[in-house]
Structures are given as structure tokens and as C-alpha cells.
Amino acid sequence: MHLHQVRVYYEDTDAGGIVYYANYLKFMERARTEWLRALGFEQDILMEQSVAFVVKRVEMHNYAPARFNDLLSIETQVVELKGASMTFQQTIKNKQDVTFVSADIQVACVSLDSMKPRRLPRTLLGEITRVI
């Protein structure tokens, strides 16, 4: 499991001072990017190789509201790995271990040239397999 922390800024909140629901998806996107980086893969380098990732499916559950200035921890783990896609389970909590949001997110690997599915690069697949 990979852990990434984000601070809730004023811009992340709605008029009531709680995190706007769509921003949780942004936090999770950042956490997946940092997960890739921790594996040794930079998305700009992958894009130069015509490798990109697109979100295919999201199932998100909201349990409690996060608020301005909270420090959030996003837990990220791969729960399903296929040749051209992977499914992540991501959970957003605070330091008291209160769960705000959980999501299952399926991400497909595509060729930037055609935007059609392609197999995950062998080196990336090897690293993912090593850590799950």
C-alpha cells in the first residue's frame, strides 16, 4: 500500500467549508501519480513513449466530510491487475483514522497516438507485480 498526504486548502472547499466531492477525485489522482513515481515511473516519460492512463470506472463512497486545513492521508493499492488495466482501491482518512471517502477506480492503459487500449509496459507490469 502506498500512502500520500494532502492538506485541504480553502480552494478545495465549498461554501460550507467542507471538501467539495469532486476534489476527492483530484486528491486520489495525485496519489496514483505519486504511487507511480514511487515505483520509479514518471508520467511525462511514459507519455513520451505514447503510454497514458485513463480512468475507465469510479465507484466512490462518501462517509464523512473533510474540512478546511485537514491533513488527509490517501491510501492506494492495486487490487486487480490485467494486461491493459488495473483497479485501485483508495481510501482517504485523517490522522485519527476517520475514513472520509473510499473508491474503487479502474484505470486503463492507452496509446496516446490512437487512444486505444494497450498492454502495460513490461517494466511497469513487473514493478507492480513485485509490490502487490
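**Close-up 1. V58 and its nonpolar patch on the surface.** V58 sits in strand 2, residues 51–62; helices (H or I, at least four residues) and strands (E, at least two) are DSSP runs, numbered from the N terminus. This is a predicted model, in which local features need pLDDT of at least 70 and side-chain atom pairs count only at pLDDT 80 or more, while totals for chains, interfaces and linings use all residues. Residues are numbered from 1 along each chain as its sequence is written, and side-chain values use heavy atoms, with hydrogens and water left out. V58 comes out as partly exposed, at a relative accessible area of 40%; buried here means under 20%, exposed over 50%, and partly exposed in between (1.4 Å probe, protein chains only). Together with L25 and V55, V58 makes a nonpolar surface patch of about 200 Å². Patches take residues with over 30% relative accessible area and no salt bridge, joining like charges within 9 Å and nonpolar side chains (Val, Leu, Ile, Met, Phe, Trp, Tyr) within 5 Å. The areas come from the Shrake-Rupley method with a 1.4 Å probe, and for residues only the protein chains shown count as cover.

**Close-up 2. Inside the largest nonpolar core.** A nonpolar core is a set of buried Ala, Val, Leu, Ile, Met, Phe, Trp, Tyr and Cys residues joined through side-chain atoms within 4.5 Å. The largest one has 29 residues, and the members touching the most others are Y24, F27, M28, W35, L72 and I92. At least two core residues each come from helix 1 (21–39), strand 3 (71–81), strand 4 (85–93), strand 5 (99–111) and helix 3 (122–131). Helix 1 chips in the most, with seven residues.

**Close-up 3. W35 and the company it keeps.** Skip the neighbours within four places in sequence, and W35 is in contact (heavy atoms within 4.5 Å) with H2, T76, V78, M86, F88 and I128. Both W35 and F88 are buried.

**Close-up 4. Aromatic pairs.** A pair of aromatic rings is described by the distance of the centres and the angle of the planes. Rings of Phe, Tyr and Trp (its six-membered ring) pair if their centres lie within 6.5 Å; planes under 30 degrees apart are stacked, over 60 edge-to-face, and the rest tilted. Searching the whole structure turns up four such pairs. In one of them, Y10 and F68 have ring centres 6.1 Å apart and planes at 85°, so this pair is edge-to-face. The two come from distant parts of the chain, 58 residues apart: Y10 is in the loop between strand 1 (2–7) and helix 1, and F68 is in the loop between strand 2 and strand 3. Y10 is exposed at 65% relative accessibility, while F68 is partly exposed at 46%. W35 and F88 also pair edge-to-face, with centres 5.0 Å apart and planes at 85°. This pair links helix 1, home of W35, to strand 4, home of F88, across 53 residues.

**Close-up 5. Salt bridges.** A salt bridge needs a side-chain nitrogen of Lys or Arg within 4 Å of a carboxyl oxygen of Asp or Glu, and six turn up by this rule. R37 bridges to E42, with the closest N and O atoms 2.9 Å apart, and E34, R37 and E42 are linked in a network. R37 is partly exposed at 36% relative accessibility, as is E42 at 31%. K93 pairs with D97 at 3.4 Å, N to O, and K93 counts as buried at 15%. E127 and R130 meet at 2.8 Å, N to O. Both lie in helix 3, three residues apart, or about one turn of the helix. E127 is partly exposed at 23%, whereas R130 is exposed at 58%.

**Close-up 6. Two residues with positive phi.** Most residues other than glycine have a negative phi. S50 has a positive phi of about 65° without being a glycine. S50 lies in the loop between helix 2 (43–48) and strand 2, where it is buried, with 11% relative accessible area. M115, in the loop between strand 5 and helix 3, has a positive phi near 60° and is likewise not a glycine. M115 counts as partly exposed, at 48%.
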